[in-house]
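Here are some notes for a colleague who is opening this structure for the first time. They are meant to be read beside the model, one point at a time.

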Amino acid sequence: MKEEMDMEVRGSERKGRVTLTLAAASLIAGFGSSFQYGYNVAVINSPATEMKLFYTRIYEDRYGPMSDNLLTLLWSVTVSMFPLGGFFGSLMVAPLVNKFGRKGTLLFNNIFSIVPAIMMGVSEVAGSFEIIIAARFLVGICAGLSSNVVSMYLGEIAPKNYRGAIGIVPQLFITIGIVVAQVFGVRNILGNMEGWPIMLGLTGIPAAIELLLLPFFPESPRYMLIQKGDEKTARKGLQRLRGWEDVDEELCEMRVEEQSEQAEGRLSVLNLFTFRSLRWQLLSVIFMNMGQQLSGVNAIYYYADSIYSSAGVADDHVQYVTVGTGAVNVFMTIAAVFIVEKSGRKLLLLIGFGVCCGACVLLTIALYFQTSLDWIPYVSIVCVITYVIGHAIGPSPIPNVITTEMFRQSSRPPAFMVAGTVHWLSNFTVGLVFPFLERGLGAYSFIIFACICLATLIYIWVVIPETKNKTFLETSKLFAHRNKVDIVVEAGDSEIKETGGESSEQEIKNTFF
């Protein structure tokens, strides 16, 4: 009888929809925060020559002749300040989202965009390259926070049947930010001696728009109910997001989660690593983020210009082909938004890493025979575009979606903090190590990336379950067997049992009202 009732409830369960409020909140958060991450990744690539001339002129006016090694060092510091700031921004995620909320943190984060935008915009007038270096660090903090908090916010306000699609929106805006920076970087637009300070300063505009518009949208109802205990505000926000008055079913699911969390206690980053029921989720987050950044995506973009040149693309036209590659990235990310709820998260990750692995192997072969056969450079171009497509449908957008779904409310902020730290450290490591790999191994450096893609693919195949259309508690149950933990959620109670350890064995049971 009970099973029949459960089936009736599931059969009559109302599916969520994308309301105007939900869509607008997603677009404003994506444009105001995630867009800046992508924009600032690419913004200094095109005007690099002009900016280096500015560095040289300022230094020589102050101190005399400047060596090439010193210029290379200053430019490397300028580039690396962004991922370094991202690392420190990731460390700020958990305390800020717990104190200010998800939406509140995004609003607070605009400080780290508007201030550096002004700094970079006036750097040439002020005659200081140090201002640019400091501003790159601050805007890196902005990216470190937004890359985690936007995914967390959108994952918590989206209905479960659209959580994957909404969760890819941040990555979509990151790719759009990259393309916009590439377009602005065209020499006839802003990628020139007069335009680069304006180009760097434009990053403050999305932040200002978000600061003006996002306050009119609801804070995460899960945050308001579970962490703040404010059911009235949570209900009101949920009603606006869902477009209907009856939200008791979803609030009920949140209360079940709240009860189980009260038994677990609030989790910090330190005890997150010792909590058995989260062990494999945490390992999965680490492996996915390492695989995402160490899979060679930055190296592919580094090599792209030289590959296009070797294929006969004129130097003046390379920038347009680069913009075209960025446009492919945007298009495939849009495709991922529409297919993720049908195909599932795991399949997109497996296909994505598989395509990237194959593209890296073929690119290694093509680069080795680059000068031997006339048609090989075109194969290299195909490999680059194929890699970009593969990364755009899986490794780029999906890890943050799964991170949101694998953790419950109190463990989600420290989990994103770990994910962000791994993401930015891996990003920084690739930027630091790849030039030496490229110098020592040449084309063979992509074999290393192919191996990393393959290892990540195998881990995902074996360990990570499909989380499509699951509640956060249901996803926890998917990991329960591997973690040697039993999680039983019934209509009347929420129960967590750890098995497989004498001293650590515990049973936690909460009565749900």
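1. A good place to begin is a pair of helices in this predicted model: the axes of helix α5, residues 93-109, and helix α8, residues 129-157, come within 9 Å and cross at roughly 90°. An angle from 65 to 115 degrees counts as roughly perpendicular, so α5 is roughly perpendicular to α8. On the α5 side the contact is made by Val93, Leu96, Val97, Arg102, Lys103, Thr105, Leu106 and Asn109, while the residues that α8 brings to the contact include Ile141, Cys142, Leu145, Val149, Met152, Tyr153 and Glu156.

2. For the setting of that pair, the chain has 24 helices and three strands, and 57% of its 513 residues count as buried. If one takes the contacts between residues at least 6 apart in sequence, 79% of them join residues at least 24 apart. The accessible surface of the chain comes to about 21600 Å², and 65% of that surface belongs to carbon and sulfur atoms.

3. A second pair of helices, α19 (residues 345-368) and α20 (residues 376-393), has axes that come within 8 Å and cross at roughly 160°. Angles over 145 degrees count as roughly antiparallel, and α19 and α20 are therefore roughly antiparallel to each other; their crossing is left-handed. Among the residues of α19 that take part in the meeting are Leu348, Ile351, Val355, Cys356, Leu362 and Leu363, and those of α20 include Ile376, Val379, Cys383, Tyr387 and His391.

4. Which description fits the crossing of α22 and α23, parallel or oblique? The axes of helix α22, residues 412-441, and helix α23, residues 445-463, come within 8 Å and cross at roughly 120°, and that makes α22 oblique to α23. In this pair Phe434, Leu437 and Leu441 of α22 meet Ser445, Ile448 and Phe449 of α23.

5. Alanine 419 also lies in helix α22, and with a relative accessible area of 1% this alanine is buried. Once its neighbours within four places in sequence are left aside, alanine 419 is in contact with Val285, Asn289 and Thr403. Its C-alpha atom is 8.7 Å from that of methionine 288, although alanine 419 and methionine 288 are 131 residues apart in sequence.

6. Thr403, one of the contacts of alanine 419, is also one of the buried residues of α21. That helix, residues 398-406, is mostly covered, since nine of its nine residues are buried; among them are Ile398, Pro399, Asn400, Glu405 and Met406.

7. Serine 26, placed in helix α2 (residues 20-42), has 2% relative accessibility and so counts as buried. Apart from its neighbours within four places in sequence, serine 26 is in contact with Leu154, Ile166 and Val169. Serine 26 and leucine 214 are 188 residues apart along the sequence, yet their C-alpha atoms are 9.7 Å apart in space.

8. Is isoleucine 118 buried or exposed? This residue lies in helix α6, residues 111-121, and because its relative accessibility is 55%, isoleucine 118 counts as exposed. The C-alpha atoms of isoleucine 118 and isoleucine 198 are separated by 9.7 Å, and the two residues are 80 residues apart along the chain.

9. Methionine 224 is found in helix α12, which covers residues 221-227, and at 14% relative accessibility it counts as buried. With neighbours within four places in sequence left aside, methionine 224 is in contact with Glu219, Gly229, Asp230, Thr233 and Ala234. Arginine 235 is 11 residues from methionine 224 in sequence, and the C-alpha atoms of these two residues are 9.1 Å apart.

10. How many disulfides does a search of the whole structure find? The search finds zero. Cysteine 357 is in no disulfide, and its nearest cysteine sulfur, that of cysteine 453, is 5.9 Å away; cysteine 451 is likewise in no disulfide, with the sulfur of cysteine 357 as its nearest cysteine sulfur at 7.4 Å. The cut-off for a disulfide is a pair of cysteine sulfur atoms within 2.5 Å. As for its surroundings, cysteine 357 counts as buried because its relative accessibility is 15%.

Terms used:
Residues are numbered from 1 along each chain as its sequence is written. This is a predicted model: local features need pLDDT of at least 70, side-chain atom pairs count only at pLDDT 80 or more; totals for chains, interfaces and linings use all residues. Side-chain values use heavy atoms; hydrogens and water are left out. Buried means under 20% relative accessible area, exposed over 50%, partly exposed in between (1.4 Å probe, protein chains only). Helices (H or I, at least four residues) and strands (E, at least two) are DSSP runs, numbered from the N terminus. Contact means heavy atoms within 4.5 Å. Accessible areas come from the Shrake-Rupley method with a 1.4 Å probe; for residues, only the protein chains shown count as cover. Axes are lines fitted to C-alpha atoms, for helices over the stretch in contact, and angles run from 0 to 180 degrees between N-to-C directions. Angles under 35 degrees count as roughly parallel, over 145 as roughly antiparallel, 65 to 115 as roughly perpendicular and the rest as oblique. A crossing is left-handed if the near helix is turned anticlockwise from the far one by less than a right angle, and right-handed if clockwise.
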